[in-house]
Amino acid sequence: MYVKKTLIKLVVAAALLFPVALSAQTSSINAFSPYTMYGIGELNMPGTAMTRSMGGAGVALRSANSLNLMNPASLSVAPQKSFMFDFGVEGQNFYNRQTLNGEKKKTAYNTFNFRDVAFRMPLAKKIGLGFSLTPYSSVGYRIQYTHAYDPTDPVWGNMGLVQYNYSGEGDVTEVKVGLGWEIFKHFSVGIAAQYYWGDITRQYTAAAQPYLPNGNSTVSSIIGTDNYSVSRIKGQIGVQWIALVNEKRALTFGAAFDFGGNLEPRRSNSVVVNNMQNANVRTDSMDLKLVLPRQLQLGMVYQTEAWTLCGDYVYQNWGGRNSGTVMTGVSGSKGDMSSYRVAYTNTHTLKFGAEWIPSRYDARHFMKRWAYRAGLRCGMHNQTFNGQKLMECTVTAGIGIPASRRFLAISAVDLGVELGWRGFNAAEHLGLVRQQFFKFSIGVTLFAGDGSGDYWFLRPKYD
């Protein structure tokens, strides 16, 4: 069996990183946003580094040269006697800004973690199998609020200075196994089983320092901890139809539907009052449910030898699965006190992306075979605050560098960046956080099979 030495090294490195990636998903903060305080947290954009560089679009993308993690129907394109492997990592910077009581506050936080592990292989002619391990959502926040001492208040005048601290961290990870089958020419269907698991921990601390007549004071504290443990199986179906194909161009339509549903996490609670612990002191939930929305993705891809143009529409039915609401804590002081009612809301998202390769089969000029990508994504956050929706917009860019100078090589290294904004349409007048985030990703795609010159599963007849 012949395998290129560089590919062997990359596979070994990815295999060594695989257990680290699994543990990292539940042991560190992979998002830093106050908007992860309720519900399932910060949703991660699905896809490899390639599609995320194109605005996250690609539900209709169908290519033997790339992995599509969004639509299982694309697995049917896997060439015979081939294998494709993808591994990616991602770094993020969250920058939060808020104006409260005329005072501007800013915070920033950096994270770095694995992004995806995936492979694709043929099972039979026009039938492909795919596997992927990707983070679905992340929770990470630390919020502090101090209620100042007000001797004129009949209640708070006896409490003294009270400090509240809210913190949370955790992740939900998705493992997907899918099958794609081209049931007749230019039309494929797919089905996937999705397994979600992870842990989310949220903690609340209140420390009061009453003012006593003799001038002394004591500190009373309450620490509440909620842990949610997720382990659920869901499903997805998809279709792809090549409406037009010839030697110069191809037009493909695609759709995928996720069944979603309540994750029904196992919940454990504990409260510590002045260092005395009482476990399972309450059974009611003041949080938004951990749910997955019913999701419908519709897309189209137009391809020529040099260009790939993608456009997707995504609808997520969050509100239909959970009509409950939760009230935030009160912030501000004296006459400028405020709180917000938080609820899930259905979302509509548009994604657009483009890829340009100057000369895909140029054997003399290596850089002309590089792929240059850009994209745009716009939609709404999946939660409302006092009925106000928060807009989200992201611009993306990236490049794909072939891993070999041989012009038929498919293996590549993909680099991508994202710059996004959340809440810019309403944060200022509501007093909420206006958020900016920057992400960069590195993906490695390894391919062996006909057309690439690399063969992984063939025994040589001659030594």
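# A tour from tyrosine 141 outward

Start by selecting tyrosine 141: beyond the residues up to four places away in sequence, this side chain and backbone touch Phe32, Ser33, Pro34, Thr36, Met37, Tyr166, Ser167, Gly168 and Arg202. The model on screen is predicted. Tyrosine 141 belongs to strand S4. Its relative accessible area is 4%, under the 20% limit, so the residue counts as buried. Add tyrosine 166 to the selection: the two tyrosines are separated by 25 residues in sequence, while their C-alpha atoms are 7.6 Å apart. Then show serine 167, whose backbone oxygen is 3.5 Å from a polar atom of the tyrosine 141 side chain.

**The whole chain**

Zoom out and colour by secondary structure. The protein chain has 4 helices and 21 strands. Of its 463 residues, 49% are buried. Among contacts with a separation of 6 or more, 70% are between residues 24 or more positions apart. With a surface displayed, the exposed area is about 22,100 Å², and 60% of it comes from carbon and sulfur atoms.

**Strand S7 and its partners**

Select residues 220-245, which are strand S7, and then residues 249-258, strand S8. These two strands run antiparallel and are joined by 9 bridges. They form a hairpin, with 3 residues between them. To check the register, pick glutamine 240, which stands opposite glycine 254 in S8.

Now add strand S10, residues 266-273, which also pairs with S7 in the antiparallel sense, over 8 bridges. Here the register can be read from threonine 225, opposite serine 270 in S10.

Stay on S7 and show arginine 232 with glutamate 264. The two form a salt bridge, with 2.9 Å between the closest N and O atoms. Arginine 232 is in S7 and glutamate 264 is in the loop between strand S9 (261-262) and S10, so the salt bridge ties together parts 32 residues apart in sequence. Is this pair buried or exposed, or in between? Arginine 232 is partly exposed at 27% relative accessible area, and glutamate 264 is partly exposed at 47%.

**The nonpolar cores**

Select Ile40 and Leu432 next. In the largest nonpolar core, which has 29 residues, these two touch the most other members. At least two residues of this core come from each of strand S4 (127-147), strand S6 (187-209), S7, strand S12 (291-292), strand S16 (341-344) and helix H4 (427-430). S4 gives the largest share, 3 residues.

Which residues surround isoleucine 40? Setting aside neighbours within four places in sequence, its contacts are Tyr136, Ser137, Ser138, Val139, Val172, Ile200, Leu263, Leu290, Val291, Leu292, Trp318 and Tyr344. For a second, separate core, select Phe87, Val117, Val444 and Leu446, which are among its 10 residues.

**Glutamine 435 and arginine 422**

Move to glutamine 435 in strand S21, residues 434-448. Glutamine 435 has a relative accessibility of 1%, so it is buried. Its side chain makes two polar contacts worth displaying. One, at 2.8 Å, goes to the side chain of asparagine 96; another, at 2.5 Å, goes to the side chain of arginine 422. To see the surroundings, show the residues in contact with glutamine 435 beyond four places in sequence: Phe32, Ser33, Pro34, Tyr35, Glu42, Phe94, Tyr95, Asn96, Gly420, Trp421 and Arg422. Phe32, Ser33 and Pro34 are also in the list for tyrosine 141, where the tour began.

From arginine 422, step to glutamate 392. Their salt bridge has its closest N and O atoms 2.6 Å apart. It links arginine 422 in strand S20 (residues 412-422) with glutamate 392 in strand S19 (residues 388-402), 30 residues apart. Both arginine 422 and glutamate 392 are buried.

**Other salt bridges**

The whole structure contains 11 salt bridges. One of them joins the side chains of arginine 373 and glutamate 355, at 2.8 Å from N to O. Arginine 373 is in strand S18 (residues 371-385) and glutamate 355 in strand S17 (residues 347-356), so select both strands to see parts of the chain 18 residues apart being linked. Arginine 373 is buried at 9% relative accessibility, and glutamate 355 is buried at 6%.

For the last stop, select Arg52, Glu90, Arg115, Arg377 and Glu418 together. These residues are linked in a network of salt bridges.

Notes. Residues are numbered from 1 along each chain as its sequence is written. This is a predicted model: local features need pLDDT of at least 70, side-chain atom pairs count only at pLDDT 80 or more; totals for chains, interfaces and linings use all residues. Side-chain values use heavy atoms; hydrogens and water are left out. Buried means under 20% relative accessible area, exposed over 50%, partly exposed in between (1.4 Å probe, protein chains only). Contact means heavy atoms within 4.5 Å. Accessible areas come from the Shrake-Rupley method with a 1.4 Å probe; for residues, only the protein chains shown count as cover. Two strands pair if DSSP finds at least two bridges between them. A polar contact is a pair of N or O atoms within 3.5 Å; within protein, one must be able to donate a hydrogen and the other to accept it, and residues adjacent in sequence count only if both atoms are side-chain atoms. A nonpolar core is a set of buried Ala, Val, Leu, Ile, Met, Phe, Trp, Tyr and Cys residues joined through side-chain atoms within 4.5 Å. A salt bridge is a side-chain nitrogen of Lys or Arg within 4 Å of a carboxyl oxygen of Asp or Glu.
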